[in-house]
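User: Please take a close look at one part of this structure. Then follow the chain outward from there, explaining each term as it comes up.

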Amino acid sequence: MKSLFITTSTKLASISLYDDKGMLANINVNVKKTHSTWLIDQISSLFDWTSSNISEIENVIVSVGPGSFTGVRIALSAIKGMFANSDVNVYSVNELDALGYQGYMIYRKDVLAIIDSNKEKIYYGYYRKGIRVGKLKVSKLNDVLKEYKNQDIGFMGDGAINYSDKIIELGYTLDLSDTFLRLNSTIFNDMYKNNMLEKVDLFNLVPEYLEKSQAEKEKDGNK
């Protein structure tokens, strides 16, 4: 049995391939360009490097966001096209939940997972022992940092990287490198093995955005 794990929800795209014995390959690419220009090629390379075939894939685990509206759609469109005629098992994973779980594996304490939505607006979730506490939300960075002031927490996500100066300025400790703050799709394998993911029908797979896209806002008359 082989499993394919994909996230393109932020500027860092991560793809992993596993079999029953463990990881076969992992690719992480941090780019400013859209992931659509290289995603399929990299998946093909993953198969070539490991002498694997798409017909061997039994499980696909994919991030459904939140994050980049375009980035999320790229991963979902790719797997719908690749596996349209197969009986592959598909599991969705929330990007913030994965960050929260990965963060607990690193910090071993409460974690604030934050994804940058530009102009100091963030998607965020609070996690205890890798499990979400409360709802996922959208807010301004300053408001969130004030909410958790004086709490001993670890930070995860590109929001922690992009706004590190402000986080430190407000008195928090942030001493991990970018490598550990970003999500790696290999964590999806642990979540899968621990039955933390939701199995979904391939063609009912939809993004989890937390807010409307700019185009939808403008359509509704809100800018």
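Analyst: On the surface, Met105, Ile106 and Phe180 make up a nonpolar patch whose accessible area comes to about 240 Å² together. A patch takes residues with over 30% relative accessible area and no salt bridge, joining like charges within 9 Å and nonpolar side chains (Val, Leu, Ile, Met, Phe, Trp, Tyr) within 5 Å. Areas are Shrake-Rupley values with a 1.4 Å probe, and for residues only the protein chains shown count as cover. The model is predicted, so local features need pLDDT of at least 70 and side-chain atom pairs pLDDT 80 or more, while totals for chains, interfaces and linings use all residues. Residues are numbered from 1 along each chain as its sequence is written, and side-chain values use heavy atoms, without hydrogens and water.

Met105 sits in helix α3, which covers residues 95–107. Helices (H or I, at least four residues) and strands (E, at least two) are DSSP runs, numbered from the N terminus. Met105 counts as partly exposed because its relative accessibility is 32%; buried means under 20%, exposed over 50%, and partly exposed in between.

Helix α3 also holds Asp97, which pairs with Arg132 of strand β8 (residues 131–140) across 35 residues of chain. Their side chains form a salt bridge, with N and O 2.7 Å apart. A salt bridge needs a side-chain nitrogen of Lys or Arg within 4 Å of a carboxyl oxygen of Asp or Glu, and by this rule there are seven in the model. Asp97 is buried because its relative accessible area is 18%, whereas Arg132 is partly exposed because it reaches 35%.

Past the end of α3, Arg108 lies in the loop leading to β6. Its phi is positive, near 60°, although Arg108 is not a glycine. Arg108 is exposed because its relative accessible area is 52%. A similar case is Lys129, in the loop between β7 and β8, with a phi near 55°. Lys129 counts as exposed because its relative accessibility is 61%.

On the other side of α3, Asn94 occupies the loop that joins β5 (89–93) to this helix. Asn94 is buried because its relative accessible area is 6%. Apart from neighbours within four places in sequence, Asn94 is in contact (heavy atoms within 4.5 Å) with Gly65, Pro66, Leu136 and Glu208. Two of these partners are also involved in polar contacts, defined as N or O atoms within 3.5 Å; within protein, one atom must be able to donate a hydrogen and the other to accept it, and residues adjacent in sequence count only through two side-chain atoms. The Asn94 side chain reaches the backbone oxygen of Gly65 at 3.4 Å and the side chain of Glu208 at 2.6 Å. Gly65 and Pro66 are themselves joined by a cis peptide bond, with omega about 5°, and Pro66 belongs to the loop between β4 and α2.

The next region to consider holds several charged side chains. Asp158, in helix α5 (residues 158–162), is buried but has no salt bridge. The nearest side chain of opposite charge is that of Arg182, 5.8 Å away; Lys and Arg are taken as positive, Asp and Glu as negative, and His and the chain ends are not counted. A polar atom of the Asp158 side chain does lie 2.8 Å from the backbone nitrogen of Asp116. Beyond its sequence neighbours within four places, Asp158 is in contact with Thr10, Ile114, Ile115, Asp116 and Arg182.

Arg182 has a salt bridge with Asp178, at 3.7 Å between the closest N and O atoms. Arg182 counts as buried because its relative accessibility is 18%, and Asp178 as partly exposed because its value is 39%.

A further salt bridge joins the side chains of Lys166 and Glu120, with 3.1 Å from N to O. Lys166 is in helix α6 (residues 164–169) and Glu120 in the loop between β6 (111–116) and β7 (121–128), so the pair ties together parts 46 residues apart in sequence. Both residues are partly exposed, because Lys166 has a relative accessibility of 23% and Glu120 one of 28%.

Last comes helix α1 (residues 39–49), where Leu39, Ile43, Ser45, Leu46 and Phe47 are buried. The buried residues of α1 pack against β1 (2–7), β2 (12–19), β3 (22–30), β4 (57–63) and α2 (69–82).

Definitions and conventions. Buried means under 20% relative accessible area, exposed over 50%, partly exposed in between (1.4 Å probe, protein chains only).
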